[in-house]
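Colleague: I am new to this one and would love a guided look. Could you take me through it, one question at a time?

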Amino acid sequence: MGNLKLIPAIIITTLLVGALLFVALHFIFLDLFVDLWWFQSIKLESYFWLRLLYKFFLSGAVTLFFFTIFFFHFWIASRYLGLNPQDEVFSNFDQNVKFQKFSEKFLYGSAKIYTPIALILAIFIAIPFYNQWETTLLYFFGNHSGVAEPFYGNDISFYLLSYPLYQLIQPELLSTAILIFVMVGTLYWLEHIFVPNQNKEFHPGAKIHLGVLMGFVVLFVVWGFLLQRFSLLYTDAHKPVFYGPGTIEIRYQLPLIWLGILSFLAMATIAGIFIFSEQHRNKTPFLISVATFLIILGLPHLGFIPQFIEKYIVNPNPVRTEKPFIQHNIDATLDAYDLKNINTVNLPVKLNAAEDIATWSSQKRFENIPVWDREHLISSYKQLQEIRPYYQFINVDEDRYPILDHTRQVNLAAREINTSKLPNEAQNWENTHLRYTHGYGAVITSAAQDADKPLVWYLRDLNMSSPAGLDIKHPDIYYGEGQYDYAVVPNKLKIVDISASKTLTDPGIDNAYHGEGGIPISSMFKKALLAIYLKEEKIFFSTNINDESKIKIYRNIVERVNKLTPFLHLDNDPYLVVGKDRFYWILDAYTLSDKYPSSKPEDFVFAQDKHRFNYIRNSVKIVVDAYDGDLDFYIADPSDTIIQTYHNAYPGLFKNLAEMPEELRTHLRYPRDLYQVQMGLYAKYHQQTPESFYEQGETWQFATVRNNPVMPYYQTMDFGNCDDKEEFVMINPMTPVNRDNLSMIGVAGVMDKTKCSTNYKPGITVYKFGKDVQVNGPAQVEALINQNPEISANFTLWGQSGSTVQMGRMIILPMGNTVLYVQPIYLASTKTKIPELSRVIVSIGDRLVMDTTLWSAFNRIKQLYIKDAADVKQTGASSAIVKPDGN
């Protein structure tokens with residue numbers, strides 16, 4: 001019977017143990033195991049353990065630190081300093097024994113109370129550190145940048161790496177000091193009240209203890225004031241004129257902070273004397289010090305004083321008063337956004353473009369003008385080359401390749417898998433995870449071509465047909481830009497006619513996965529855990545999964561990189577690169593900070609996440625293998641102090657850019673998002689003297705056409721920098737604010753112009769036009785197009801035949817001492833929506849012609865300028881004949 005009574009207890013115990021094991025497995029060890037296996041599959045196991053070690057070591061160390069502080073002070077207060085019995089207690093044996101028994105019960109009993117309290121308080125105080133442990137990491141592994149800010153003389157690395165940690169620590173330490181002071185003081189009071197036979201006065205040690213705690217409170221308050229000085233560097237009180245501190249902050253608010261420190265120290269000193277000294281308990285000095293401190297503390301919040309300074313000192317002489325502060329804002333912003341080394345070329349414009357046309361009269365100049373832009377080309381790719389219902393093209397990328405003995409600009413796109421386009425009855429677990437597991441191949445077309453001709457294909461179809469001789473051994477795309485679910489490959493399924501094998505004898509076997517990527521399902525334990533992790537029991541029970549199968553997770557390349565390096569921020573435009581035997585994705589990654597002193601903040605969306613920052617560097621180039629999923633991180637900007645800090649913290653994760661394979665390094669480019677951010681700022685900050693910056697007479701804006709800004713675009717062209725070598729650059733035209741004429745053309749590239757090599761050396765060149773000659777902007781050129789009777793008549797005619805006329809992206813290029821405009825015209829059927837390049841319009845100066853080829857249009861404009869020159873010459877000769885007669 002006794003054993004039967006134990007059965008309920010055994011059952012309850014078993015259930016509780018089982019529940020605890022389930023919770024531990026599901027919420028702790030499951031993620032740990034799967035993450036470990038995933039990091040092992042991409043050959044970064046050491047990085048996994050190091051990152052885990054940092055996270056738990058720093059979080060645990062912070063918790064232990066605060067627990068030790070709380071426990072130590074509670075222990076000291078209760079065990080040694082809290083009891084102060086009268087002398088007669090020790091002389092009377094009975095009272096002494098009674099006191100000792102009571103004190104022991106009190107001391108050891110209180111330990112059972114304050115120990116868990118100390119732990120709870122420590123965890124509560126340490127919570128902010130758990131989510132920001134990498135802030136601590138930056139502090140410990142940071143290096144000096146070598147650049148000092150002018151106000152306090154600190155190295156910039158102090159603000160990027162140390163200051164964020166100080167902002168995190170100071171309020172936590174102050175809260176801890178106040179809590180301990182209050183709680184220890186309360187403990188002393190309780191001991192003094194409830195323990196019998198105590199002296200009226202606290203134990204001298206208790207007074208010292210409270211004095212020390214009060215000193216820590218004072219110390220952390222003063223530290224808060226000192227940190228407040230640095231917050232002045234991030235004020236936006238002067239926007240939109242400039243950012244950062246000005247006269248009011250440095251000449252008024254900063255002295256008040258120092259006065260606040262002095263008055264608080266005086267108040268704390270007087271308060272300490274008042275509390276701990278029996279002979280100097282005069283309230284008047286204390287009240288005076290408190291009133292003084294409160295007045296000084298409140299002065300910054302009184303608006304009339306700064307308004308008085310602004311109205312009568314700053315506003316009458318704004319440039320003279322704010323000059324050094326405006327200059328600091330200019331210098332800081334240019335440095336924070338890597339704009340200090342822009343090469344500016346003043347480009348005088350000639351009204352007669354005949355000489356430039358003669359210089360440009362080379363067929364080579366027109367072989368890479370991208371009349372096909374990706375916004376229109378994606379429709380053609382989808383209609384002509386998706387081929388199967390489960391494939392899709394997501395984005396079109398631009399690049400350059402050596403094709404047919406010449407560097408040619410191309411458009412290309414990956415043919416990725418999209419199982420959501422399958423019929424509903426086919427969207428089952430086996431199809432979506434074992435059968436339709438990957439995309440296949442890519443398409444490549446020429447960016448430049450003649451009108452009224454079919455697209456020029458360099459790579460097409462599922463058989464990977466390539467007139468250009470491109471041969472890819474592993475064209476399968478398991479990792480891409482799509483929202484991929486997990487895939488299990490290889491498996492036992494006979495996959496019929498998915499990838500269109502070249503032999504067509506047994507496509508399933510011929511295209512079985514033989515790569516290294518994925519987590520091996522090599523045991524029943526792994527199989528079970530992965531089934532639980534992915535919440536799919538079919539993984540465990542499926543007979544089509546064998547010991548050679550691997551499970552691929554995190555297959556979206558952005559998600560994959562974010563999982564691995566969440567401290568990097570990704571460009572919105574990953575691009576595909578064709579390697580020798582497979583496809584790769586290259587992603588530009590940025591390090592950001594909002595702590596660069598005096599720099600203008602910007603808001604931008606990177607990879608669907610909005611960020612506010614005032615410092616940016618394109619510090620890393622990331623390569624993702626589209627077949628295996630391997631990732632490689634290459635440091636592209638060694639001068640960036642943030643990425644060097646991560647490099648120190650995670651040895652082995654980052655590689656030097658020189659280690660990147662040549663086949664990939666030749667396809668590096670200037671990042672699209674970075675250039676857009678930089679040019680948006682440079683539009684104002686190219687005015688680099690306080691006077692011109694304040695006047696804003698030369699402020700630019702992105703050029704507009706059809707009420708939309710002309711965003712930066714890629715162009716392959718010989719700019720005459722390196723012995724006829726063509727550069728792959730990004731073009732950005734700008735106009736004056738609220739005007740349509742062109743002010744500049746920005747060109748960003750990565751070629752090393754000093755050595756004329758393919759070494760990665762990003763830089764920006766700005767071609768500025770003088771104010772003396774009108775240079776048409778895109779909107780003005782479009783107005784000339786719309787005013788041309790011949791062109792307007794053709795547009796009207798084409799629009800009546802079941803087609804729509806679409807104007808593509810306008811291409812704007814500096815051409816000697818003039819500007820060349822190319823406007824592609826597309827016709828799209830109202831039924832198929834496939835655009836066809838119908839005509840190209842070429843404009844130089846006020847002349848424009850429409851033709852089917854760039855070469856013929858250019859020659860026609862050339863003839864017009866030759867005719868103009870002849871007419872001018874003839875008119876001049878006639879005038880010379882008339883003048884001698886005086887008629």
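Colleague: Which residue forms a salt bridge with Asp573?
Modeller: Keep in mind that this is a predicted model. In it, the closest N and O atoms of the pair are 2.7 Å apart, and a salt bridge needs them within 4 Å. The partner of Asp573 is Arg669.

Colleague: How many residues apart in sequence are the parts that Arg669 and Asp573 tie together?
Modeller: Arg669 sits in the loop between α20 (662–665) and α21. Asp573 belongs to the loop between β13 (569–570) and β14 (575–578). The pair therefore ties together parts separated in sequence by 96 residues.

Colleague: Are Arg669 and Asp573 buried or exposed?
Modeller: The cut-off for buried is under 20% relative accessible area. Arg669 has 1% relative accessibility, and Asp573 has 6%. With those values, Arg669 counts as buried, and Asp573 too counts as buried.

Colleague: Which residue meets Glu398 in a salt bridge at 2.9 Å, N to O?
Modeller: Glu398 is in strand β3 (residues 397–403), and its partner lies in helix α21 (residues 672–685), so the pair ties together parts that are 274 residues apart in sequence. Glu398 is buried at 3% relative accessibility, and the partner is buried as well, with a relative accessible area of 12%. That partner is Arg672.

Colleague: Where does Arg860 find a salt-bridge partner, and what is it called?
Modeller: The two side chains meet at 3.2 Å, N to O. Arg860 is partly exposed, with a relative accessible area of 36%, whereas its partner is buried at 16% relative accessibility. The partner is Asp851.

Colleague: Which residues do salt bridges with shared partners join into one network?
Modeller: Two of the pairs we discussed belong to it: Arg669 with Asp573, and Arg672 with Glu398. Salt bridges that share partners link these into one network. Its members are Arg374, Glu375, Glu398, Asp573, Arg669 and Arg672.

Colleague: Which residues of helix α13 are buried?
Modeller: Helix α13 covers residues 374–385, and it is followed by Ile387, whose phi is positive, near 65°. One of the buried residues is Arg374, a member of the network above. The full list is Arg374, His376, Leu377, Ile378, Ser380, Tyr381 and Gln385.

Colleague: Are α23 and α24 roughly parallel or roughly perpendicular?
Modeller: The axes of helix α23 (residues 778–787) and helix α24 (residues 789–799) come within 5 Å and cross at roughly 75°. Angles from 65 to 115 degrees fall in one class, and that makes α23 to α24 roughly perpendicular.

Colleague: How many nonpolar, polar and charged residues are in the contact of α23 with α24?
Modeller: From α23 come Ile785, Asn786 and Gln787. Pro789, Ile791, Ser792 and Phe795 take part from α24. Sorted by class, that contact has 4 nonpolar, 3 polar and no charged residues.

Colleague: Which residues is Thr645 in contact with, leaving aside its neighbours within four places in sequence?
Modeller: Thr645 is in helix α19 (residues 641–649), and at 1% relative accessibility it counts as buried. Its contacts beyond those neighbours are Leu137, Leu138, Phe141, Gly142, Asn143 and Leu161.

Colleague: And for the protein as a whole, what percentage of the residues is buried?
Modeller: The protein has 25 helices and 32 strands, and it exposes about 41600 Å². Of its 887 residues, the buried ones make up 52%.

Methods
Residues are numbered from 1 along each chain as its sequence is written. This is a predicted model: local features need pLDDT of at least 70, side-chain atom pairs count only at pLDDT 80 or more; totals for chains, interfaces and linings use all residues. Side-chain values use heavy atoms; hydrogens and water are left out. Helices (H or I, at least four residues) and strands (E, at least two) are DSSP runs, numbered from the N terminus. Buried means under 20% relative accessible area, exposed over 50%, partly exposed in between (1.4 Å probe, protein chains only). Accessible areas come from the Shrake-Rupley method with a 1.4 Å probe; for residues, only the protein chains shown count as cover. Axes are lines fitted to C-alpha atoms, for helices over the stretch in contact, and angles run from 0 to 180 degrees between N-to-C directions. Angles under 35 degrees count as roughly parallel, over 145 as roughly antiparallel, 65 to 115 as roughly perpendicular and the rest as oblique. Contact means heavy atoms within 4.5 Å. Ala, Val, Leu, Ile, Met, Phe, Trp, Tyr, Cys and Pro count as nonpolar, Asp, Glu, Lys and Arg as charged, and the others, Gly among them, as polar.
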